[in-house]
Amino acid sequence: MTADVAAGSVRRASRDRATKETTIAATLVVDGTGVVEVSTGLPFFDHMVEQLGRHASFDLSVAAQGDLHVDAHHTVEDVGLVLGACLAEALGDKAGIRRFASMLLPLDEALLEVALDLSGRPYLAYEVEFAPDTAGLGTPPFDPQLAEEFWRAFATAGHLTLHMRRREGKNTHHILEAGFKGVARCLRDAVRVEGGGVPSTKGSL
């Protein structure tokens with residue numbers, strides 16, 4: 001693992017994770033321009049993670065190989081863990097960041113409410129439900145219910161509080177994409193440096 005969080009430097013981190021189920025390498029540059037390259041073996045999931053990097057203005061590289069012949073769950077969850085860990089490491093002590101962000105993001109008929117706090121306290125409140133028989137997206141198929149597993153892993157490893165709620169929406173693709181874009185835009189705001197101290201009365205996050 002590597003990180004560079006010195007004052008005035010580009011906030012970035014790289015992580016590698018290898019288990020019997022997945023092998024993942026990722027690099028995240030907070031102060032990027034939205035250059036993304038994602039390969040997980042799940043094309044729809046790649047598209048979603050690309051949205052996360054692009055709309056957060058993060059430079060993001062993810063290469064993952066997993067036991068997709070068993071299930072996509074391991075790959076999706078472990079990518080969330082690695083990306084969350086990269087974010088936490090890249091932000092360092094979080095001095096000067098805005099910390100909080102929230103928004104309503106529309107995508108055609110879908111409307112997602114997202115709020116987050118780079119609090120140091122992992123928590124996910126997720127009210128974006130799909131029927132158990134909802135068809136997967138892409139080939140191999142991405143089960144829409146796996147999005148919750150991704151966000152839980154991301155929030156846990158990223159040490160952040162994340163609330164997501166579907167206000168409107170019927171199209172599965174639109175609902176999921178609005179969620180990824182909404183989190184991305186909130187991250188873009190929350191990581192912005194606008195002060196000099198850690199934004200907490202405790203003195204640390």
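Start by selecting His 159, which is partly exposed at a relative accessible area of 38%. Here buried means under 20% relative accessible area, exposed means over 50%, and partly exposed is in between (1.4 Å probe, protein chains only). You'll find His 159 in the loop between helix 3 and strand 9 (161-168). Helices (H or I, at least four residues) and strands (E, at least two) are DSSP runs, numbered from the N terminus. His 159 isn't a glycine, yet its phi is positive, near 55 degrees. Most residues other than glycine have a negative phi, and most peptide bonds are trans.

Before you click on: this is a predicted model, where local features need pLDDT of at least 70, side-chain atom pairs count only at pLDDT 80 or more, and totals for chains, interfaces and linings use all residues. Residues are numbered from 1 along each chain as its sequence is written, and side-chain values use heavy atoms, with hydrogens and water left out.

**Next stop: Ser 119**

Ser 119 is in the loop between strand 7 (110-117) and strand 8, and is buried, with a relative accessible area of 3%. Show what surrounds Ser 119: leaving out residues up to four places away in sequence, it touches Lys 94, Arg 99, His 159, Leu 160, Thr 161 and Leu 205. Contact means heavy atoms within 4.5 Å. For a long view, draw a distance from Ser 119 to Ser 39: they are 80 residues apart in sequence and 30 Å apart in space, C-alpha to C-alpha.

From that list, pick Lys 94. Lys 94 sits in the loop between helix 2 and strand 6 (100-107). Is Lys 94 buried or exposed? Lys 94 is buried, with a relative accessible area of 6%. Lys 94 also has a positive phi, about 65 degrees, without being a glycine.

**Now helix 3**

Select residues 146-158 to get helix 3. Helix 3 has 13 residues and spans 18 Å from first C-alpha to last, close to the 18 Å expected at 1.5 Å a residue (the expected span is 1.5 Å times one less than the number of residues). Its buried residues are Leu 146, Ala 147, Phe 150, Trp 151, Ala 153, Phe 154, Ala 155, Ala 157 and Gly 158. Their cover includes helix 1 (43-56), helix 2, strand 8 (123-127), strand 9 and helix 4.

Zoom in on Trp 151 in helix 3. Trp 151 counts as buried, at 1% relative accessibility. Which residues does Trp 151 contact, leaving aside neighbours within four places in sequence? They are Leu 52, Leu 124, Tyr 126, Leu 162, Met 164, Gly 179, Phe 180 and Val 183. Trp 151 and Leu 124 are 27 residues apart in sequence but 7.4 Å apart in space, C-alpha to C-alpha.

**Two partners of helix 3**

Add helix 4 (residues 172-190): its axis and that of helix 3 come within 11 Å and cross at roughly 15 degrees. That makes helix 3 roughly parallel to helix 4. Axes are lines fitted to C-alpha atoms, for helices over the stretch in contact, and angles run from 0 to 180 degrees between N-to-C directions. Angles under 35 degrees count as roughly parallel, over 145 as roughly antiparallel, 65 to 115 as roughly perpendicular and the rest as oblique. To see the contact, show Ala 147, Phe 150, Trp 151 and Phe 154 of helix 3 with Leu 176, Gly 179, Phe 180, Val 183 and Leu 187 of helix 4.

Swap helix 4 for helix 2 (residues 73-91), whose axis comes within 7 Å of the helix 3 axis and crosses at roughly 30 degrees. Helix 2 and helix 3 are therefore roughly parallel too. Among the helix 2 residues in this contact are Val 76, Gly 80, Leu 83, Gly 84 and Leu 87, and the helix 3 side includes Phe 150, Ala 153 and Ala 157.

**Last stops**

Go to the loop between strand 8 and helix 3 and select Pro 140. A cis peptide bond joins Thr 139 to Pro 140, with omega about -5 degrees.

Finish on helix 1, which has 14 residues. Its buried residues, including Phe 44, Phe 45, Met 48 and Leu 52, pack against strand 4 (36-39), strand 5 (59-66), helix 2, helix 3 and helix 4. Just after helix 1, look at Ser 57, where phi is positive at about 60 degrees.
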